Amino acid sequence: MANIQSYDFNGKRALIRVDFNVPLNKENFEVTDDTRIRAAAPTIQHILKNGGSVVIMSHLGRPKNGFESRFSLENIADHVSKVVGVKVKFGGDCIGQEALEMSQSLQPGEVMMLDNVRFYEDETAGVESFAEQLSKHGDVYVNDAFGTAHRAHASTTVVAKFFPKDKMFGFLIEGEIESVNKVLNSNDKPLTAIVGGAKVSSKITIIERLLDTVDNLIVGGGMAYTFVKAQGGKVGNSLVEDDYLEVANTILAKAKSKGVNLYIPVDTIIADKFDDEANRKEVAINDIPEGWMGLDVGSKTNLECAQIIKNSKVILWNGPMGVFEMENFQAGTVSAANAIVEATKSGAFSLIGGGDSVAAINKFNLADQVSYVSTGGGAMLEFLEGKELPGIKAIRG
Ligand code: AMP
């Protein structure tokens, strides 16, 4: 593999896979959140500055199989032009003669964008002949789509084989890899992971992996109640996965044998229905009355967690502490986010990795006060679980 920093792009056409799967409004198909476009801009600008031209490819939404105007990347071409600072030409399709003629006549400093690669089902099927057609658009392949790096699709993985040497990561993927390494291979201690969210079942692999690495593991969110019930507590109508009670106890035992401080919330905010307007009470987490459910952690838990977080040198946060989407049940998630911000100010490295904690940190406008916010939900989760992502392997291999 090559390195984007040292590669000579002079006179080369760079085919870049980005993740421009951005939300559009329903009325005019205008971009409503351009975080992903801004995240890929440094890679595009670097190539242009170094004498190359750029062919952008991405997916957008979930088209069936064939063109659908609401999923056309033409909708976002002007927005991309504004963010990158160069007029983006639109290729009309991602394969075929017309698009190829356009990409082959690109001049240094020029940018074009292909249409949605998922208009062809060969994309998600990872069909080699389709990947080969895509490969014709570039002399060099750059993967900067971390959000789809866990998919072995034609444009994210298979296409790399047509660039045996001239393939590399963009700055965004490099940053994601570096930030995970900073957490999982850090010598700085204490290392604290906060794993929340809805279910133990979706986080079990990451928890097991983290037990080998972390000093503190704070369990929050809906999955805490499975741990509490496993320990004989009364959890009322809280979210519980009865199939995972034994797993929860095994995790607790493993943590103990490895000397990991596994923190389970001690109190909780309960509600008499799953509703922001529900009646609320704060109780011990192992004494929730029937008919009530825990939707957030309580004030003692917040104090204790904040203390652990503020004493940490490295912090990983995946999953909210409660139902943060509702104003009345967001306090635990706000408290964890604030503690992470404070720890970061004192020199800790903090990675916010995985879908809903990213949504939370953005909701509280604190994203610029932590060390790194991942752009890949599922990809980050799999990466933290220790899986080798196909998109990353294809570049390295
Ligand atoms: P995940 O995608 O697994 O990280 O789960 C995130 C979701 O978990 C969010 O939508 C939260 O509202 C939800 N969640 C967090 N705490 C609870 C809880 N105590 N009960 C039910 N859902 C919860």
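The space taken by the ligand is the second largest pocket in this predicted model. Here a pocket is an open set of points on a 1 Å grid over the protein atoms alone, with protein on both sides within 12 Å along at least five of seven lines; a molecule sits in one if more than half of its atoms lie within 2 Å of its grid points. Residues are numbered from 1 along each chain as its sequence is written. Because the model is predicted, local features need pLDDT of at least 70 and side-chain atom pairs count only at pLDDT 80 or more, while totals for chains, interfaces and linings use all residues, and side-chain values use heavy atoms, with hydrogens and water left out.

Around the ligand sit 16 residues, the closest being Ala198, Lys203, Gly294, Glu325 and Asp356; to count, a residue needs a heavy atom within 4 Å of the molecule. By class, this shell breaks down into six nonpolar, seven polar and three charged residues (Ala, Val, Leu, Ile, Met, Phe, Trp, Tyr, Cys and Pro are nonpolar, Asp, Glu, Lys and Arg charged, and the others, Gly among them, polar). Both α7 (200–211) and β14 (293–297) chip in with at least two shell residues each; helices (H or I, at least four residues) and strands (E, at least two) are DSSP runs, numbered from the N terminus.

As for polar contacts (pairs of N or O atoms within 3.5 Å), two involve ligand oxygen atoms: a backbone N or O atom of Ala198 lies 3.0 Å from one, and a polar side-chain atom of Lys203 is 3.0 Å from an oxygen as well. On the nitrogen side, a backbone N or O atom of Gly222 comes to 3.1 Å from a ligand nitrogen. Of the 510 Å² of accessible area that the ligand has on its own, the protein covers 80% (Shrake-Rupley method, 1.4 Å probe).

Zooming out, the protein chain has 14 helices and 17 strands, and its C-alpha trace spans about 70 × 45 × 35 Å along the principal axes. The radius of gyration is 23 Å, which agrees with the value near 21 Å for a compact globule of 397 residues; the radius is taken over C-alpha atoms, and the globule rule is 2.2 Å times the number of residues to the power 0.38.

Two backbone details stand out for a closer look. A cis peptide bond, with omega about -5 degrees, joins Lys189 and Pro190, and Pro190 belongs to the loop between α6 (171–184) and β7 (191–195). Phe29, a residue other than glycine, has a positive phi near 55 degrees; Phe29 is placed in the loop between β1 (13–17) and α1 (35–49).

Conventions. A polar contact is a pair of N or O atoms within 3.5 Å; within protein, one must be able to donate a hydrogen and the other to accept it, and residues adjacent in sequence count only if both atoms are side-chain atoms. On a 1 Å grid over the protein atoms alone, a cavity is a set of points where a 1.4 Å probe fits but cannot get out, and a pocket is an open set with protein on both sides within 12 Å along at least five of seven lines; lining residues have an atom within 4 Å of a point.
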